[in-house]
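Please open the model in your viewer and keep the sequence panel beside it. The tour below moves from the whole chain to single side chains, and at each stop it says what to select and what is to be found there.

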Amino acid sequence: MANCNMSCARATLFLLTIFICFGHFSVSAFEFQVGGTKDWVVPPTNDSKIYNDWASGNRFQVGDTIRFKYKKDSVMEVTEEEFKKCNSTRPNFFSNTGNTVYLFDHAGSFYFISGASGHCQRGQRMIVKVMSLEESPSSDRRSSGSRAAVFSVFVQLVVSYVACLLF
């Protein structure tokens, strides 16, 4: 009986250690829809900062992606200088598929503009600041549902350990 309890306890502790390690070192990436529920379109005349307001309200990390949905338009990732001029002949990234996903592969500022003539000048542009994993703890980005799920698994492991000791 003592050997059984000892084996059970060791197995439970081993699983608990693995759970804690994976929970501590796990990195979760998110996909953001540009503009929230709005598509990548020319903003209304009185709301030319809509995309920058949206971007500044989110926390972006390396590994996250953003999705641009649009019709008869395009999206370009450009330099800061090209962003200020609302023009780029050599964008770092260009897409006109109507459903573009862009991956943030490093920390820093990313500058996006519409490739359609006149759209950037009318406010269809955005700056996204991407933080390194050290700058933005993943715990800040987890939903309460995720925390509840992690807590639930932790409680199950503890209960399993206690049950092994008692039986």
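A residue is called buried here if its relative accessible area is under 20%, exposed if it is over 50%, and partly exposed in between, with a 1.4 Å probe and with protein chains only. By that rule, 32% of the 167 residues of the protein chain count as buried. This is a predicted model, in which local features need pLDDT of at least 70 and side-chain atom pairs count only at pLDDT 80 or more, while totals for chains, interfaces and linings use all residues. Residues are numbered from 1 along each chain as its sequence is written, and side-chain values use heavy atoms, with hydrogens and water left out.

**The whole chain**

Begin with a cartoon view of the protein chain, which has four helices and eight strands; these are DSSP runs numbered from the N terminus, helices being H or I over at least four residues and strands being E over at least two. Followed from the N terminus, the elements come in the order α-β-α-β-β-β-α-β-β-β-β-α. Switch next to a surface: the chain exposes about 10500 Å², of which carbon and sulfur atoms supply 58%, the areas coming from the Shrake-Rupley method with a 1.4 Å probe and, for residues, with only the protein chains shown counted as cover. If contact means heavy atoms within 4.5 Å, then 73% of the chain's contacts with a separation of 6 or more are made by residues 24 or more positions apart.

**The sheet**

Now select the five strands that form an open sheet in the order 2-8-7-4-5, where the pairing is mixed. Strand 2 (60-61) and strand 5 (93-95) are at the edges, and because each has a single partner strand, one side of each is left without a neighbour in the sheet. Two strands are taken to pair if DSSP finds at least two bridges between them.

Which strands pair with strand 7 in the antiparallel sense? Strand 4 (residues 75-78) does so with strand 7 (residues 108-114) over four bridges, and strand 8 (residues 125-131) does so over six bridges. To see the register, select V75, whose bridge partner in strand 7 is S114, and then V78, whose partner in strand 7 is Y111. Towards strand 8, S109 stands opposite K129. Colour strand 7 by accessibility and you will find that five of its seven residues are buried.

**S114**

Stay in strand 7 and zoom in on S114, which counts as buried because its relative accessibility is 4%. The side chains of S114 and D73 are joined by a polar contact of 2.5 Å, a polar contact being a pair of N or O atoms within 3.5 Å, of which, within protein, one must be able to donate a hydrogen and the other to accept it, and residues adjacent in sequence count only if both atoms are side-chain atoms. The S114 side chain also reaches the backbone nitrogen of A116 at 3.1 Å. Apart from neighbours within four places in sequence, the residues in contact with S114 include W40, H119, C120 and Q124.

**S95 and T97**

Move to strand 5 and select S95, which is buried, at 8% relative accessibility. Beyond its neighbours within four places in sequence, S95 is in contact with Y70, S74, V75 and T100. The side chain of S95 makes a polar contact of 3.5 Å with the side chain of T97. Where does T97 lie? T97 is in the loop between strand 5 and strand 6 (99-103), and it is exposed, with a relative accessible area of 59%. Add K72 to the selection: K72 and T97 are 25 residues apart in sequence, and their C-alpha atoms are 9.0 Å apart in space.

**The aromatic rings**

Finally, show the aromatic side chains, among which there are 14 aromatic pairs; rings of Phe, Tyr and Trp (its six-membered ring) pair if their centres lie within 6.5 Å, and planes under 30 degrees apart count as stacked, over 60 as edge-to-face and the rest as tilted. The pair of F93 and Y102 is edge-to-face, because the ring centres are 5.0 Å apart and the planes stand at 75°. F93 is partly exposed, at 24% relative accessibility, whereas Y102 is buried, at 9%. One aromatic cluster includes both F93 and Y102, and among its other members are F30, W40, F60 and F112.

As a last stop, select R125, which lies over the face of F83 at 4.7 Å from the ring centre; a charge sits over a ring if NZ of Lys or CZ of Arg is within 6 Å of the ring centre and within 35 degrees of the ring normal.
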